[in-house]
Amino acid sequence: MSKLFRAVILGPPGSGKGTISERVASCFGLQHLSSGDFLRENIAAKTEAGVLAKTYIEKGALVPDHVMTRLMLPRLEEMTRHSWLLDGFPRTLAQAEALNSACELDVVISLNIPLETLKERLRHRWIHPASGRVYNMFFNPPRVQGVDDISGEPLIQHEDDKPEALVARLRHYKDVAKPVIDLYRAKGILHMFSDTETDRIWPYVSSLLSAKIPTDLADAQRATTH
Ligand SMILES: Nc1ccn([C@@H]2O[C@H](COP(=O)(O)OP(=O)(O)OP(=O)(O)O)[C@@H](O)[C@H]2O)c(=O)n1
Ligand SMILES: Nc1nc2c(ncn2[C@@H]2O[C@H](COP(=O)(O)OP(=O)(O)O)[C@@H](O)[C@H]2O)c(=O)[nH]1
């Protein structure tokens, strides 16, 4: 069996992790695993972890490490035969260490986007909760305002994108992300991208992954996705 490819994408809320992950999933066939979507599914299903997580997310706080780790590691164990891109986990050093002991990463993509850009994007972010599809009123608006393109269902704004929760989230992100970034830099797998536009970052991410993803794996994935 060909070697599987394991990647993580890091970046503050609004940095484009979800947008870039979707492009990676469709161009390279990696599974996009979003911890935020997984949390929201657990909240909607009122699982024990979901009920607990909701109280933190509503305050713009991070869900405690042991809750996140207990949620995400079993999810990754189900994915032993897939190549994946993990988005939103790890957020803290403790989560990164837990991930380290569960699997070996090939690449970490880190998005470095100015604060003002993040605030502006999140103010205008609308999502379709059932699918996780993300829109922006200017960057990628839905065809009909307020409505998901595929299902026709209404779009909503995340509670945690609203201004009250946002500033606390962005401030907290910086503090907890630094040791995670340092860890991956020390391992020699960190690739940092800085710009205000996803479309300018994407060609660099794409060429990085083209160079790193083993050719036999890329061929196999292309064969299954077309
Ligand atoms: N490892 C993680 C991942 C997510 N969260 C919580 O879940 C929320 C939503 O997660 P996500 O959708 O990943 O949000 P952000 O990364 O904050 O931004 P986004 O889509 O908005 O990336 C976060 O704000 C945070 O409260 C967390 O505590 N720990
Ligand atoms: N204006 C603008 N908006 C963008 C760009 N890239 C992503 N977005 C939007 O910004 C918001 C945050 O992007 P998202 O991928 O959800 O970021 P994440 O929070 O890191 O997962 C979404 O509404 C996107 O549609 C960009 O280059 N320019």
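At 27% relative accessibility, Asp65 counts as partly exposed, and that makes a good place to start a tour of this predicted model. Asp65 sits in helix H4. Beyond its neighbours within four places in sequence, Asp65 is in contact with Thr92, Ala94 and Gln95. For a sense of distance, take Ile201: it lies 136 residues from Asp65 along the chain, and 30 Å separates the two C-alpha atoms.

Glu58 belongs to the loop between H3 and H4. With a relative accessible area of 48%, Glu58 is also partly exposed, which falls between the 20% limit for buried and the 50% limit for exposed. The C-alpha atoms of Glu58 and Leu86 are 23 Å apart, with their positions 28 residues apart along the chain.

**Ligand 1**

Let us turn to the first ligand. Around ligand 1 there are 17 residues, and those that come nearest are Ala61, Val63, Gly88, Arg125 and Arg169. By class, this shell holds seven nonpolar, four polar and six charged residues. Helix H2, residues 35-44, supplies the largest share of the shell, with four residues.

Which backbone atom is 2.6 Å from an oxygen atom of ligand 1? A polar one of Val63. Side chains take part too: a polar atom of Lys17 is 3.1 Å from a ligand 1 oxygen, and a polar side-chain atom of Arg40 lies 2.9 Å from an oxygen of ligand 1. Ligand 1 taken alone exposes 540 Å², and the protein buries 95% of that.

**Ligand 2**

The second ligand has a shell of its own. Ligand 2 is surrounded by 17 residues, the closest being Gly14, Gly18, Thr19, Arg125 and Thr198. Arg125 thus appears in the nearest group for ligand 1 and among the closest residues to ligand 2. The shell of ligand 2 divides into five nonpolar, eight polar and four charged residues.

Here are the side-chain polar contacts from both ligands, set out together.

| Residue | Ligand | Distance from a ligand oxygen |
|---|---|---|
| Lys17 | ligand 1 | 3.1 Å |
| Arg40 | ligand 1 | 2.9 Å |
| Thr19 | ligand 2 | 2.6 Å |
| Arg121 | ligand 2 | 3.4 Å |
| Asn140 | ligand 2 | 2.9 Å |

On its own, ligand 2 has 570 Å² of accessible area, of which the protein covers 91%. Helix H1 (17-28) and strand S6 (133-136) are the elements that give two or more residues to the shell around ligand 2.

**Two helices with a buried face**

Arg121, whose side chain has an N or O atom 3.4 Å from an oxygen of ligand 2, leads on to helix H6. The buried residues of H6 (residues 115-123) are Thr117, Leu118, Arg121 and Leu122. Seen down the axis of H6, these residues fall within an arc of 120°, so they line one face of the helix. An α-helix has 3.6 residues a turn, so residues three or four places apart point the same way. What covers the buried residues of H6 includes strand S5 (125-128), S6, helix H7 (163-187) and helix H8 (198-212).

Helix H3, residues 48-57, can be read in a similar manner. Its buried residues are Ala49, Gly50, Ala53 and Ile57. Viewed down the axis of H3, they stay within an arc of 90°, so they too line one face of their helix. The buried residues of H3 pack against H2 and helix H4 (65-77).

**Backbone details**

A few local features round off the picture. Lys46 lies in the loop between H2 and H3. Is Lys46 buried or exposed? Its relative accessibility is 65%, so Lys46 counts as exposed. Phi of Lys46 is near 55°, a positive value in a residue other than glycine. The peptide bond from Phe89 to Pro90 is cis, with omega near 5°. Pro90 is found in the loop between strand S3 (84-87) and helix H5 (93-102). Most residues other than glycine have a negative phi, and most peptide bonds are trans.

Ser34, by contrast with the exposed Lys46, counts as buried at 14% relative accessibility. Ser34 lies in strand S2, residues 31-34. A polar atom of the Ser34 side chain is 3.0 Å from the backbone nitrogen of Asp37.

Key:
Residues numbered from 1 in each chain as written. Chains lettered and ligands numbered in written order. Predicted model: local features only at pLDDT ≥ 70, side-chain atom pairs only at ≥ 80, totals over all residues. Heavy atoms only, no water. Near = heavy atom within 4 Å. Polar contact = N/O pair within 3.5 Å; in protein donor to acceptor, adjacent residues only side chain to side chain. Areas by Shrake-Rupley, 256 points an atom, 1.4 Å probe, with all protein chains shown as cover. Nonpolar A, V, L, I, M, F, W, Y, C, P; charged D, E, K, R; others polar. Buried < 20%, exposed > 50% of the residue type's maximum accessible area, 1.4 Å probe, protein only. Arc of directions from axis to C-beta. Contact = heavy atoms within 4.5 Å.
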